[in-house]
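I opened the model to look up three things: core, pocket and one loop residue. My notes follow.

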Amino acid sequence: MKHRLVPALALALCLAACSSGTGATTSAAPNADGSPKELRIGYQLIPNGDLIVKDQRWLETSLPNTKISWIKFDSGGDVNTAMVAGSIDIGLAGSSPVTRGLSAPLNIPYQVPWIFDVIGENESLVARQAASVAELKGKKIATPFSSTSHYSLLAALQEAGLAESDVTVVDLEPPDIQAAWTRGDIDAAYVWTPVLGELRKTGKVLVTSKELAAKGKLTADLAVVRRQFATTYPAALRTWLRQQDRAVKLVRADKASAAAAVGRQLNLDPAAAAEQIDELILLDGKEQAGPDYLGTPEKPGALAENLRSAAEFLKSQNKLPAVPELTVFQKGLATEELRDAFAG
């Protein structure tokens, strides 16, 4: 999931960072208590725990001496751009853009300390008239490039025996997809909620990311943190992780309150927000440290293997020049930071 800054703004941020010579921007001295003066978070409108943390202002309360800046992105490709520019400290990006970020030529100096969600039915391929993916041959399909939806679309086409050249794939952000769908400019789209919810009202779901995951093409929304920030402000990162864990536990213990918080952020009524939350798999801190996900410093979890598998697929689609060694992705998991946040 994923999901991008307006290109002109992203370029401006990159130019500003490069011209100032700061690159990854942590030039300001820390507060007297060692906390950062500012924590810049790149978030997306995805119905997971991150929106609960934002809505409830838990970070503002837990880090009272730190300015918390929430910056909205529409896709993980632009989160990567902002990370390169040093304009955010923590961001949300789907597993596909994170795979690209950890691989050459980007080699972004960030790590994954948290899995926001494992993507399920909240990302899907929707078509106007086609009854199957194979029937999309010759049609125009929209998706945000370099996103988990883009990865899943390519996997769905391959599964149906279609090459990417058999269709016309256009790069549109979710709001633009909804507008193009309304105008009748596209025949299908692979996208996530809340835009997906609007498309489903008049279109037919052909395949979901949950179904593709069952066939070995799992996708997830991941947190990425700049290594420099994690090293300089480990206590702040531990606080951030604990608030994310708190949000997951709120979903499990008080679904109504969690749905109300997500609904406020997405401008949805709580019932609709609850339905969208249910389309995701949310994991608490203990589960994240399990072998199927991030794992431990001694034994990195299967997420690293999943990211390398995604790299192999992207290489086969000419989206990556080479597939990194598994160790690249294992080192890309912030397992020590996760362990330290929930030690004891």
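I count a contact when heavy atoms lie within 4.5 Å. The model is predicted.

Entry one: the core. I looked up I52 with that cut-off. Leaving out residues up to four places away in sequence, I52 touches W58, A247, L250, V251, A258, A261 and V262. I then asked which residues touch the most other members of the largest nonpolar core. They are I52 and W240, in a set of 72 residues. Helix 11, residues 234–253, gives this core its largest share, 8 residues. Another core lies apart from it and has 17 residues. I noted I141, A156, V167 and Y190 among them. For context, nonpolar side chains tend to be buried together in soluble globular proteins.

Entry two: the pocket. I took the second largest pocket and read off a volume of about 190 Å³. Which of its lining residues are closest to the centre? I found V118, I119, G120, K210 and I281, out of 13 that line the pocket. I also sorted the lining by class. I got 7 nonpolar, 5 charged and 1 polar residue.

Entry three: the loop residue. I located Q317 in the loop that runs between helix 15 (302–316) and helix 16 (326–331). Is Q317 buried or exposed? Its relative accessible area is 16%. Buried means under 20%, so Q317 counts as buried. I listed its contacts too, again skipping residues up to four places away in sequence. Q317 touches L154, Q158 and E164.

How values were computed:
Residues numbered from 1 in each chain as written. Predicted model: local features only at pLDDT ≥ 70, side-chain atom pairs only at ≥ 80, totals over all residues. Heavy atoms only, no water. Helix = DSSP H or I, 4+ residues; strand = E, 2+ residues; numbered from the N terminus. Buried < 20%, exposed > 50% of the residue type's maximum accessible area, 1.4 Å probe, protein only. 1 Å grid on protein atoms, 1.4 Å probe; cavity = no way out; pocket = protein on both sides within 12 Å on 5 of 7 lines; lining within 4 Å. Points joined across faces, edges and corners; volume = space filled by probe spheres on them. Nonpolar A, V, L, I, M, F, W, Y, C, P; charged D, E, K, R; others polar. Core = buried A, V, L, I, M, F, W, Y, C linked by side-chain atoms within 4.5 Å.
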